[in-house]
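Colleague: Hi! Could you walk me through this one? I'm new to reading structures.
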Amino acid sequence: MRISSNTLFDQGVAAIQQRMADMLKNQQQLAAGRRILTPSDDPVGAAQALELTQSLNVTQQYKKNLDQANSLLGLEDSVLGQVTNVIQNARVTTVNAGNPTLSPDNLKALAVDLQGKYQELLGLANSKDGQGQYLFSGFQGTTQPFTQTSGAGVYAGDQGQRLIQITNSRQIAASDSGQAIFKPGVSGQDLFSTLDTLITQLQTGSITAAQLNTGLSELDTELNNVLKVRASVGARQRELDSTGNTHDESSLQYQTTISNIQDLDYTKAITDLTRTQTS
């Protein structure tokens, strides 16, 4: 079979074009730092890399959710710490009111002091997060939970806890309701009514030992409840830390495996490029 000069010429041109295409692909791989530029470069590897990338994205989204939950719980813990201080200071004031040498005016001055603590407590109960949502209103983030300026605290929120997904099978409560913290279910008793009752009694310029003991007992009960909620917040934060470490380890494993599948062997790529250029 005779091969014409045109055929030989066409074959030579095709060979040159193929080498140029190979060289361009080598250059693109070197520029991108990746061996797999399109699925056709390695269909199996591309499919594995895509699946791993999707898993990595999901894990990173859970990590963002976890960071959000940690931020909210950290803020709640800070506020509850301040609430604890207010209750402890109110208890000290109440104990001082039992001093038999105090005059009626002295007791009225203590009432003013407790009134200030009442207002401080009210402000803490109506704390907001960085997004302007009320921390302690349950699911109703835009509803101010407490509006009283005296008397028992009337709660306007609900008893819900805002849940945030931190793994495919785990949601964590990133908040606690004002009902659970300030009105713990004891009939007729909450932090606000306890303080208001003590204020009213001290404003008369006289208070009995029985009244003081009742007030102190209620403050202790309410303090223990706040500490219980705060301990729960701490336990959730520890879980978030542990889960976050797991997410970090998983993300690193995904990234390493993806890199092994699709990243470029620079030594081989440069050798191939040089060989192609020479050819």
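Colleague: Let's start with helix H3. How many residues does H3 have, and how far does it reach from its first C-alpha to its last?
Modeller: Sure, and keep in mind that this is a predicted model. Helix H3 covers residues 104-125, so to speak for 22 residues, and reaches 31 Å, close to the 32 Å expected at 1.5 Å a residue.
Colleague: Which residues of H3 are buried?
Modeller: Among them are Leu-107, Leu-110, Ala-111, Leu-114, Lys-117 and Tyr-118. Further along H3, Leu-121, Leu-122, Leu-124 and Ala-125 are buried as well. Because these buried residues cover an arc of only 150° around the axis, they sit on the same side of H3.
Colleague: And what is on the face turned away from that buried side?
Modeller: That face of H3 carries Asp-105 and Val-112, which are exposed.
Colleague: Which helices do the buried residues of H3 pack against?
Modeller: They pack against helix H2 (43-96), helix H4 (178-182) and helix H5 (191-203).
Colleague: Switching to H2 for a moment. At what angle do H2 and helix H6 pack?
Modeller: About 160°, with their axes 7 Å apart; H6 is residues 209-262. An angle over 145 degrees counts as roughly antiparallel, and therefore H2 and H6 are roughly antiparallel to each other. The crossing of H2 past H6 is left-handed.
Colleague: Nice. What does the secondary structure of the whole protein come to?
Modeller: Seven helices and two strands. Starting at the N terminus, the order is α-α-α-β-β-α-α-α-α.
Colleague: Last one: how much of the protein counts as buried?
Modeller: Of its 279 residues, 39% do.

Technical notes:
Residues are numbered from 1 along each chain as its sequence is written. This is a predicted model: local features need pLDDT of at least 70, side-chain atom pairs count only at pLDDT 80 or more; totals for chains, interfaces and linings use all residues. Side-chain values use heavy atoms; hydrogens and water are left out. Helices (H or I, at least four residues) and strands (E, at least two) are DSSP runs, numbered from the N terminus. The expected span of a helix is 1.5 Å times one less than its number of residues. Buried means under 20% relative accessible area, exposed over 50%, partly exposed in between (1.4 Å probe, protein chains only). The arc is that of the directions from the helix axis to the C-beta atoms. Contact means heavy atoms within 4.5 Å. Axes are lines fitted to C-alpha atoms, for helices over the stretch in contact, and angles run from 0 to 180 degrees between N-to-C directions. Angles under 35 degrees count as roughly parallel, over 145 as roughly antiparallel, 65 to 115 as roughly perpendicular and the rest as oblique. A crossing is left-handed if the near helix is turned anticlockwise from the far one by less than a right angle, and right-handed if clockwise.
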